[in-house]
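Work through the exercises below with the sequence and the model open. Try each task before reading its solution.

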Amino acid sequence: MVRIVGGLIIMKIGFELFSPSSSGGIARPAAEANGTDGAFVPLAMPLMFGPGAIATILGMTATFKKSSNELASFMAIAAAIVATMLITFLCLAYAAKLTRALGRLGIDAATRIVGFFVAAMGVGLAFDGVIEALVSHGMSSLH
C-alpha cells in the first residue's frame with residue numbers, strides 16, 4: 001500500500017512540475033510571485049526528503065527482496081541514493097552559475113522534463129504496488 005500511495009504522491013509532484021503555470025508563461029516560485037524573499041523555496045523540501053523521497057526509497061527496497069541477489073540490489077539502491085545526494089549537492093552549490101547559464105526558459109524546460117520523469121516514476125511505482133496487491137489477494141495470473 002505504501003508503494004501505491006507513494007506512487008500517487010510522486011505522480012502528483014511530477015504533474016505539478018510538468019504542467020504549465022497558471023500565468024501561462026514561465027513557472028515562477030510562489031515566493032517570487034508574491035514579491036517575498038525567494039531564498040527558501042518550500043517546493044525543494046518535499047522533493048528532496050519529503051513523502052515522495054521516502055516512498056521512493058521504501059518502494060525500491062521492497063522490490064529488491066524479490067531479487068535473486070539481494071546484496072547487489074541493495075548496493076545498487078545505496079549507490080543511487082549517494083549519487084542523487086552528490087548531484088543535489090552540486091546543483092545547490094552551483095545554483096547561481098546554473099541559473100545564469102540556463103536562464104529562465106532553460107530552467108522552465110528542465111523543470112518540465114524532470115516533472116515528466118518524476119510522474120512516470122510515480123506511475124510505475126503505483127502500478128507495481130497495484131499488481132503486488134492484486135497478486136497477494138489471489139490474482140496470480142497477473143504477475
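**Exercise 1. Place Ile4 and find its partners.**

Task: Locate Ile4, decide whether it is buried or exposed, and list its contacts away from its sequence neighbours.

Solution.
- Step 1. Ile4 sits in helix H1. Helices are DSSP runs of H or I with at least four residues, strands are runs of E with at least two, and both are numbered from the N terminus.
- Step 2. Ile4 has a relative accessible area of 17%, so it is buried. The classes are: buried under 20%, exposed over 50%, partly exposed in between, using a 1.4 Å probe and protein chains only.
- Step 3. Skip residues up to four places away in sequence; Ile4 then touches Ala126, Gly129, Val130 and Ala133. Contact means heavy atoms within 4.5 Å.
- Step 4. Check a C-alpha distance: Ile4 and Asp128 are 124 residues apart along the chain, yet 7.7 Å apart in space.

Notes on the model: it is predicted, local features need pLDDT of at least 70, side-chain atom pairs count only at pLDDT 80 or more, and totals for chains, interfaces and linings use all residues. Residues are numbered from 1 along each chain as its sequence is written, and side-chain values use heavy atoms, with hydrogens and water left out.

**Exercise 2. Describe the whole chain.**

Task: State how many helices and strands the protein chain has, then describe its burial and surface.

Solution.
- Step 1. The protein chain has six helices and zero strands. Its pattern along the sequence reads α-α-α-α-α-α.
- Step 2. The chain has 143 residues, and 20% of them count as buried.
- Step 3. The exposed area is about 9,800 Å², with 73% supplied by carbon and sulfur atoms. Accessible areas come from the Shrake-Rupley method with a 1.4 Å probe; for residues, only the protein chains shown count as cover.
- Step 4. Take contacts between residues at least 6 apart in sequence: 78% of them join residues at least 24 apart.

**Exercise 3. Test helix H1 and trace the core.**

Task: Compare the span of H1 with the expected value, then find which residues make up the largest nonpolar core.

Solution.
- Step 1. H1 has 17 residues, and at 1.5 Å a residue it should span 24 Å. The expected span is 1.5 Å times one less than the number of residues. The end C-alpha atoms of H1 are 24 Å apart, which agrees.
- Step 2. List the buried residues of H1: Arg3, Ile4, Gly6, Gly7, Ile10, Met11, Ile13, Gly14 and Leu17.
- Step 3. The largest nonpolar core has five residues: Ile10, Ile13, Leu17, Val118 and Leu125. Helix H1 (2-18) and helix H6 (95-136) each give two or more of them. H1 has the largest share, with three. Such a core is a set of buried Ala, Val, Leu, Ile, Met, Phe, Trp, Tyr and Cys residues joined through side-chain atoms within 4.5 Å.
- Step 4. Look at Gly122, which lies in helix H6. Gly122 is buried, at 0% relative accessible area. Leaving aside neighbours within four places in sequence, Gly122 contacts Gly7, Ile10 and Met11. The C-alpha atoms of Gly122 and Ile10 are 4.7 Å apart, although 112 residues separate them along the chain.

**Exercise 4. Find the salt bridges.**

Task: Say how many salt bridges there are, and give the accessibility of each partner.

Solution.
- Step 1. Apply the rule: a side-chain nitrogen of Lys or Arg within 4 Å of a carboxyl oxygen of Asp or Glu. The count is two.
- Step 2. Glu16 pairs with Lys12, with the closest N and O atoms 2.3 Å apart. They are four residues apart in helix H1, so about one helical turn separates them. Glu16 is partly exposed at 44%, and Lys12 is partly exposed at 49%.
- Step 3. Asp108 and Arg112 form a salt bridge at 3.1 Å, N to O. Both lie in helix H6, four residues apart, about one turn. Asp108 is buried at 12%, whereas Arg112 is partly exposed at 21%.

**Exercise 5. Map the nonpolar patch.**

Task: Name the residues of the nonpolar surface patch and the helices that supply them.

Solution.
- Step 1. Leu86, Phe89, Leu90, Tyr94, Leu98, Leu102 and Ile107 make a patch of about 650 Å². Patch residues have over 30% relative accessible area and no salt bridge; like charges are joined within 9 Å, nonpolar side chains (Val, Leu, Ile, Met, Phe, Trp, Tyr) within 5 Å.
- Step 2. Helix H5 (70-93) and H6 each supply at least two of these residues. Leu86 is in helix H5.
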